[in-house]
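Biologist: Got a minute to go through this model with me? I'd like to talk about packing and side-chain pairs.

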Amino acid sequence: MQLVVGRIGRAHGIRGDVFVEVRTDEPELRLGPGAVLLTDPAAVGPLTVESGKVHSGRLLIRFAGVKDRTDAEALRGTMLIAEVDPEERPEEEDEYYDHQLIGLDVVLLDGTPVGELTEVVHLPYQDLLTVTRPDGTEVLIPFVSKIVPTIDLENQRAVIDPPGGLIDGEGAEVAGGPEGDR
């Protein structure tokens with residue numbers, strides 16, 4: 001199975017180093033020295049990580065064969081893809097790879113079906129689960145334990161306990177509005 005683990009950003013310096021936007025919770029494993037990564041576009045790769053370090057709070061990587069700024073700048077925007085065993089699991093018990101979650105049935109605490117988990121959206125402060133309802137509409141669910149108390153991979157389902165108004169308009173509280181602000 002292939003997982004996107006990063007995206008190459010701008011070049012740094014004159015020796016071929018590039019900043020990498022990390023898209024994995026395990027950068028030391030996926031983007032460490034010696035890692036061989038597939039690329040999108042495929043013609044650019046595969047790329048082998050020669051060295052890496054954190055610089056100004058961002059990951060700076062040098063790839064084998066990329067010897068100068070011109071070569072590094074040509075890689076900008078390239079997606080980095082790791083080949084991962086589909087049976088591999090994250091180290092922490094309450095962590096999941098996106099591919100483990102995609103396709104799960106989403107149900108309420110009482111078992112009422114809500115839809116299918118179709119995407120995991122990674123934002124800087126919180127992840128969101130995109131749930132596609134049977135009518136084709138999508139709902140974004142904050143991926144926090146209070147709202148998503150159970151991920152049951154064995155039974156292929158995610159149990160949610162949404163606050164009022166998250167799934168449908170019922171129970172939603174409207175805070176102010178054009179009339180309420182006057």
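Modeller: Sure, what follows is a chat about the cores, one buried threonine and the charged pairs, and keep in mind that this is a predicted model.

Biologist: Cores to start with, then. How many residues are in the largest nonpolar core, and which have the most contacts inside it?

Modeller: That core has 21 residues. Those with the most contacts inside it are I8, V20, L31, L37, I61, F63 and L80.

Biologist: Which elements give two or more residues to this core?

Modeller: They are β1 (2-12), β2 (17-22), β4 (47-55), β5 (58-63) and β6 (79-83). β1 gives the most, with four residues.

Biologist: What does L31 touch?

Modeller: Leaving out residues up to four places away in sequence, L31 touches V5, V20, V22, T24, L37, V49, L59, I61 and L80.

Biologist: And what lies apart from that core?

Modeller: Another core, of 16 residues. V120, I151, I160 and I167 are among them.

Biologist: OK, switching to T78. Where is it found?

Modeller: T78 is in the loop between α2 (69-74) and β6.

Biologist: Buried or exposed?

Modeller: T78 has a relative accessible area of 2%, so it counts as buried, the cut-off being under 20%.

Biologist: What is T78 in contact with, leaving aside its neighbours within four places in sequence?

Modeller: On that basis T78 contacts G6, R7, I8, T39, D40, P41 and V44. One of those, I8, also figures among the residues with the most contacts inside the largest core.

Biologist: And which backbone oxygen lies 2.7 Å from a polar atom of the T78 side chain?

Modeller: That would be the backbone oxygen of L75.

Biologist: Let's do rings. How many aromatic pairs does the structure hold?

Modeller: Zero.

Biologist: So what sits over the ring of F19?

Modeller: The charged end of R58, which is 4.0 Å from the ring centre.

Biologist: Now the salt bridges. How many are there?

Modeller: The count comes to four. One of them joins the side chains of R7 and E21, at 3.3 Å from N to O.

Biologist: What does the R7 and E21 pair tie together?

Modeller: R7 lies in strand β1 and E21 in strand β2, so the pair ties together parts that are 14 residues apart in sequence. R7 is partly exposed at 29% relative accessibility, and E21 is partly exposed at 37%. R7 also turned up earlier, as one of the contacts of T78.

Biologist: Which residue does R76 pair with?

Modeller: R76 forms a salt bridge with E73, with the closest N and O atoms 3.1 Å apart. R76 is partly exposed, at 48% relative accessibility, and E73 is partly exposed as well, at 29%.

Biologist: Last one, D152. Where does it lie?

Modeller: D152 is in strand β11, residues 150-152.

Biologist: And why does D152 count as buried?

Modeller: Because its relative accessibility is 18%, and buried means under 20%.

Biologist: What does the D152 side chain pair up with?

Modeller: There's a salt bridge with R157, the closest N and O atoms being 3.9 Å apart. There's also a polar contact of 2.7 Å between the side chains of D152 and N155. On the other side of that salt bridge, R157 is partly exposed, with a relative accessible area of 32%.

Biologist: Great, that covers my list.

Conventions
Residues numbered from 1 in each chain as written. Predicted model: local features only at pLDDT ≥ 70, side-chain atom pairs only at ≥ 80, totals over all residues. Heavy atoms only, no water. Core = buried A, V, L, I, M, F, W, Y, C linked by side-chain atoms within 4.5 Å. Buried < 20%, exposed > 50% of the residue type's maximum accessible area, 1.4 Å probe, protein only. Contact = heavy atoms within 4.5 Å. Polar contact = N/O pair within 3.5 Å; in protein donor to acceptor, adjacent residues only side chain to side chain. Phe/Tyr/Trp six-rings, centres within 6.5 Å; stacked < 30°, edge-to-face > 60°. Lys NZ or Arg CZ within 6 Å of the ring centre and 35° of its normal.
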